[in-house]
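Subject: Structure for your bench work

Hello,

Here is the structure you were expecting. My notes on what was found in it follow below.

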Amino acid sequence: MAEPEQITPLPTHVAIVMDGNGRWAGQRRLPRLAGHRAGTENIRRIIRAFSDYGVQYLTLYAFSTENWTRPSEEVRGLFGILREVIDRETRALHEAGVQIRHLGSLEGVPADLAAAIGRGVRLTQGNNKLVLCIAFNYGGRLEIVEAVRAIFRAGVSPEQIDADLISKHLYTAGIPDPDLIIRTAGEMRLSNLLIWQAAYAEYYSTPTLWPDFDLEEVRAALLAFSRRERKFGGRPPE
Ligand code: IPE
Ligand code: IPE
Ligand code: MG
């Protein structure tokens, strides 16, 4: 495959709210799980595409702490698809130098799926081509609550608490904040993804449904990012 064009500046960390699987299935009169299957199968080429451009951290929002409110058949079906795909793809990701990290809680997650995630994380922990964060059973508020609990348990005094200390107790410890957050299916909200870390992220929303999000969409999102002016509260140079 030809080298992709250079896009600069490139985000170091891209996070994606992979939304629209249900609508994709509905448009085809298929069951929702067919949409989750198509969406999950789309992940491989998207990881590859971001990695080829040189993005170093990619977060994929796979299941939120609020997604438990969906009917249990959908939750169970989605978990089954995820387990199968993680088991199937882990070796290829390892060979491509991808390090898998899990963001979220494994509490209440079926043992076979939790074990598959654990295997993927352990196998790939020494890799450094791309860090792939799977936000699974993830909620930004839960993440902050767990960080605050850990800080209290460690007996930290109030004066020692600062933003850096909180960041170090989040699931994303050691991972730079996202520079670009992409959401598919036209929605314009975070839905509890990386709410602390997204303080200065650039947002990009596309009407394309997640299973249809392709290489041209990756390029368009990165190009849009490259044209943004990031100020971080300061003043742009005169
Ligand atoms: C996103 O697709 C995947 C998950 C939330 C697990 P949806 O299932 O939310 O799709 P829509 O929003 O109903 O189209
Ligand atoms: C966000 O999508 C969660 C994931 C993509 C995993 P949702 O479809 O659950 O978000 P809302 O309910 O539209 O905010
Ligand atoms: Mg949705």
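Helices α1 (21-27) and α2 (32-41) each supply at least two residues of the shell around ligand 1. With three residues, α1 gives the most to that shell. Please keep in mind throughout that this is a predicted model.

Ligand 1

The shell around ligand 1 consists of Met18, Asp19, Gly20, Asn21, Gly22, Arg23, Arg32, His36, Ala62, Asn67, Arg70 and Leu78. Sorted by class, it has three nonpolar, five polar and four charged residues. Three of these residues place a polar atom by an oxygen atom of the ligand. For Asn21 it is a backbone N or O atom, 3.2 Å from an oxygen atom of ligand 1. For Arg23 it is an N or O atom in the side chain, at 2.7 Å. For Arg70 it is a polar side-chain atom, also 2.7 Å from an oxygen atom of ligand 1. The protein buries 85% of the 380 Å² that ligand 1 exposes when taken alone.

His36 is one of the shell residues, and its place is in helix α2. Is His36 buried or exposed? Its relative accessible area is 5%, and because the cut-off for buried is under 20%, His36 counts as buried. The side chain of His36 makes a polar contact of 2.7 Å with the side chain of Glu74. Apart from neighbours within four places in sequence, His36 is in contact with Asn21, Arg70, Glu74, Leu78 and Ile81. Of these contacts, Asn21, Arg70 and Leu78 are also listed around ligand 1.

Ligand 2

Around ligand 2 are Val17, Met18, Asp19, Tyr61, Ala62, Phe63, Asn67, Arg70, Arg183, Arg189 and Ser191. By class there are five nonpolar, two polar and four charged residues in this shell. Which element gives the most to the shell around ligand 2? That is strand β2 (residues 57-64), with three residues.

The polar atoms here come from side chains. A polar side-chain atom of Asp19 is 3.2 Å from an oxygen atom of ligand 2. Arg70 has a polar side-chain atom at 3.2 Å from an oxygen atom of ligand 2, and Arg70 also has one at 2.7 Å from an oxygen atom of ligand 1. In the side chain of Arg183, an N or O atom lies 3.2 Å from an oxygen atom of ligand 2. On its own ligand 2 has 390 Å² of accessible area, and the protein covers 76% of it.

Strands β1, β5 and β6

Arg183 belongs to strand β5 (residues 180-183), which is covered on both faces. In a regular strand the side chains alternate between the two faces of the sheet. In β5, Leu180 and Ile182 are on one side, Ile181 and Arg183 are on the other, and all of them are buried.

Strand β5 pairs with β1 (residues 13-17) in the parallel sense, over four bridges. Val14 is the residue opposite Leu180 in that pairing. Strand β5 also runs parallel to β6, joined to it by four bridges, and here Ile182 stands opposite Tyr204.

Glu202 lies in β6 (residues 202-205). Glu202 is buried, with a relative accessible area of 14%. Outside its neighbours within four places in sequence, the contacts of Glu202 are Asp179, Leu180, Ile181, Phe225, Arg228, Glu229 and Arg230. Among them, Leu180 and Ile181 are on opposite sides of β5.

Backbone points to check by eye

- A cis peptide bond joins Thr8 and Pro9, with omega at about -10°. Pro9 is in the segment before β1.
- Arg29, in the loop between α1 and α2, has a positive phi of about 55° although it is not a glycine. Arg29 is exposed, at 81% relative accessible area.
- Ala185, in the loop between β5 and β6, has a positive phi of about 70° and is not a glycine either. Ala185 is buried, at 8% relative accessible area.

One last residue

Lys231 sits in the segment after α8 (215-226), and at 43% relative accessibility it is partly exposed. Between Lys231 and Tyr200 there are 8.9 Å in space, C-alpha to C-alpha, although the two are 31 residues apart in sequence.

Regards

Technical notes. Residues are numbered from 1 along each chain as its sequence is written. Chains are lettered from A and ligands numbered from 1 in the order in which they are written. This is a predicted model: local features need pLDDT of at least 70, side-chain atom pairs count only at pLDDT 80 or more; totals for chains, interfaces and linings use all residues. Side-chain values use heavy atoms; hydrogens and water are left out. Buried means under 20% relative accessible area, exposed over 50%, partly exposed in between (1.4 Å probe, protein chains only). Contact means heavy atoms within 4.5 Å. A residue is near a molecule or strand if one of its heavy atoms lies within 4 Å of it. A polar contact is a pair of N or O atoms within 3.5 Å; within protein, one must be able to donate a hydrogen and the other to accept it, and residues adjacent in sequence count only if both atoms are side-chain atoms. Accessible areas come from the Shrake-Rupley method with a 1.4 Å probe; for residues, only the protein chains shown count as cover. Ala, Val, Leu, Ile, Met, Phe, Trp, Tyr, Cys and Pro count as nonpolar, Asp, Glu, Lys and Arg as charged, and the others, Gly among them, as polar. Two strands pair if DSSP finds at least two bridges between them.
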